[in-house]
Amino acid sequence: MEIMQPFKTEVDLQTGVFSPTRDIITRKLSNMATMYADVEAAQALLDSGDDPIIYEVHVTELPEVEGHILHCTTKIYPGKIGDEYFMTKGHYHAQRDQGEVYVGLSGEGYLVMQTESGESSAIAMKPGTAAYVPPYWAHRTINTGSEPFVFFAAWAGEAGHDYGTIERDGFRQLIVEKDGHLQVIDNPKYD
Ligand code: PAN
Ligand code: ZN
């Protein structure tokens, strides 16, 4: 591996914005409409001409190879599709034996995880929460508050991302608001 020069990024702890500006990935509802449990509600919103930004990811550009530590901030906007809060797509790491660390910066949310052998976990996050995604756990974050939920993440360069498994199967647990209360429920479409 070549010697790289050290560098730093100033992170706005409220918004997650990187300075100097790095790459920004924007995910709109149209990029993930079928991932919400209430597909009809998602489609109705799109049909009305509304395609809200669900989340943005500010990423450092680093080689995706062993030895490097990739890092980014994610800002999930507040909102719901049907009863389900705005969330990330979620993924397994392509190399399943690679973990990750998340640190809550602002707002509040949940980190939902699951393994391919049937385990599930839902961890509440707030500013200052360092949450660990161990190897083999798929992970998705959800904004359960009324302000943007912002967190920092760091993971191994060789981990890679497998979105297809979650796009096909979804998550076992959903984070929804029912009767004005947050609930962690079983996904009726998961089998
Ligand atoms: C995070 C996620 C980020 C966006 O950096 O990539 O929060 O979520 P999706 O990748 O599921 O769209 C991470 O887990 N990296 O490995
Ligand atoms: Zn990850």
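## Notebook: rings, charges and a ligand

I began with Lys89, which counts as buried because its relative accessibility is 10%, and buried here means under 20%. I keep in mind throughout that this is a predicted model.

**Entry on Lys89.** I looked up what surrounds the charged end of this lysine, and I found that it sits over the ring of Tyr163, 5.7 Å from the ring's centre. I then looked for a partner of opposite charge, and found that Lys89 forms a salt bridge with Glu167, with 3.8 Å between the closest N and O atoms. Glu167 belongs to helix H2 (residues 164-169), while Lys89 is in the loop between strand E7 (84-85) and strand E8 (92-93), so this salt bridge ties together parts that lie 78 residues apart in sequence. Unlike buried Lys89, Glu167 is partly exposed, with a relative accessible area of 47%.

**Entry on the other salt bridges.** How many salt bridges does the structure hold? I noted 6 of them, and I followed up two more. In one of them Asp162 pairs with Arg96, and the closest N and O atoms are 2.9 Å apart. Asp162 is in strand E15 (residues 161-162) and Arg96 is in the loop between E8 and E9, so here the parts tied together are 66 residues apart in sequence. Asp162 has a relative accessibility of 17% and therefore counts as buried. I also wrote down that Arg96, Asp162 and Glu116 are linked in a network of salt bridges.

The other one I checked joins Lys8 and Glu10, whose closest N and O atoms are 3.1 Å apart. Is Lys8 buried or exposed? Lys8 counts as exposed, because its relative accessibility is 63% and the cut-off for exposed is over 50%. Its partner Glu10 is partly exposed, with a relative accessible area of 43%.

**Entry on aromatic rings.** I searched the whole structure for aromatic pairs and found 2. Tyr102 and Phe151 make a tilted pair, with 4.6 Å from centre to centre and 35 degrees between the planes. This pair links distant parts of the chain, since Tyr102 is in strand E9 (residues 100-106) and Phe151 is in strand E14 (residues 149-156), 49 residues apart. Tyr102 is buried, with a relative accessible area of 5%, and Phe151 is buried as well, with a value of 2%. Why is the pair of Phe149 and Phe151 called tilted? The ring centres of Phe149 and Phe151 are 5.4 Å apart and their planes meet at 35 degrees, so the pair is tilted; the angle falls between the limits of 30 and 60 degrees. Phe149 is buried too, and ring pairs link Tyr102, Phe149 and Phe151 into a cluster.

**Entry on ligand 1.** Which residues come nearest to ligand 1? There are 17 residues around ligand 1, and of these Tyr55, Thr74, Tyr102, His161 and Tyr163 come nearest. I recognised two names from my earlier entries, namely Tyr102 from the ring cluster and Tyr163 from the entry on Lys89. I then looked at contacts between an oxygen atom of the ligand and an N or O atom in a side chain, and I listed three:

- The distance to the side chain of Thr74 is 2.7 Å.
- The distance to the side chain of His91 is 3.0 Å.
- The distance to the side chain of His139 is 3.2 Å.

Last, I checked how much of the ligand is covered: on its own ligand 1 has 390 Å² of accessible area, and the protein covers 96% of it.

How values were computed. Residues numbered from 1 in each chain as written. Chains lettered and ligands numbered in written order. Predicted model: local features only at pLDDT ≥ 70, side-chain atom pairs only at ≥ 80, totals over all residues. Heavy atoms only, no water. Phe/Tyr/Trp six-rings, centres within 6.5 Å; stacked < 30°, edge-to-face > 60°. Helix = DSSP H or I, 4+ residues; strand = E, 2+ residues; numbered from the N terminus. Buried < 20%, exposed > 50% of the residue type's maximum accessible area, 1.4 Å probe, protein only. Lys NZ or Arg CZ within 6 Å of the ring centre and 35° of its normal. Near = heavy atom within 4 Å. Polar contact = N/O pair within 3.5 Å; in protein donor to acceptor, adjacent residues only side chain to side chain. Areas by Shrake-Rupley, 256 points an atom, 1.4 Å probe, with all protein chains shown as cover. Salt bridge = Lys/Arg side-chain N within 4 Å of Asp/Glu carboxyl O.
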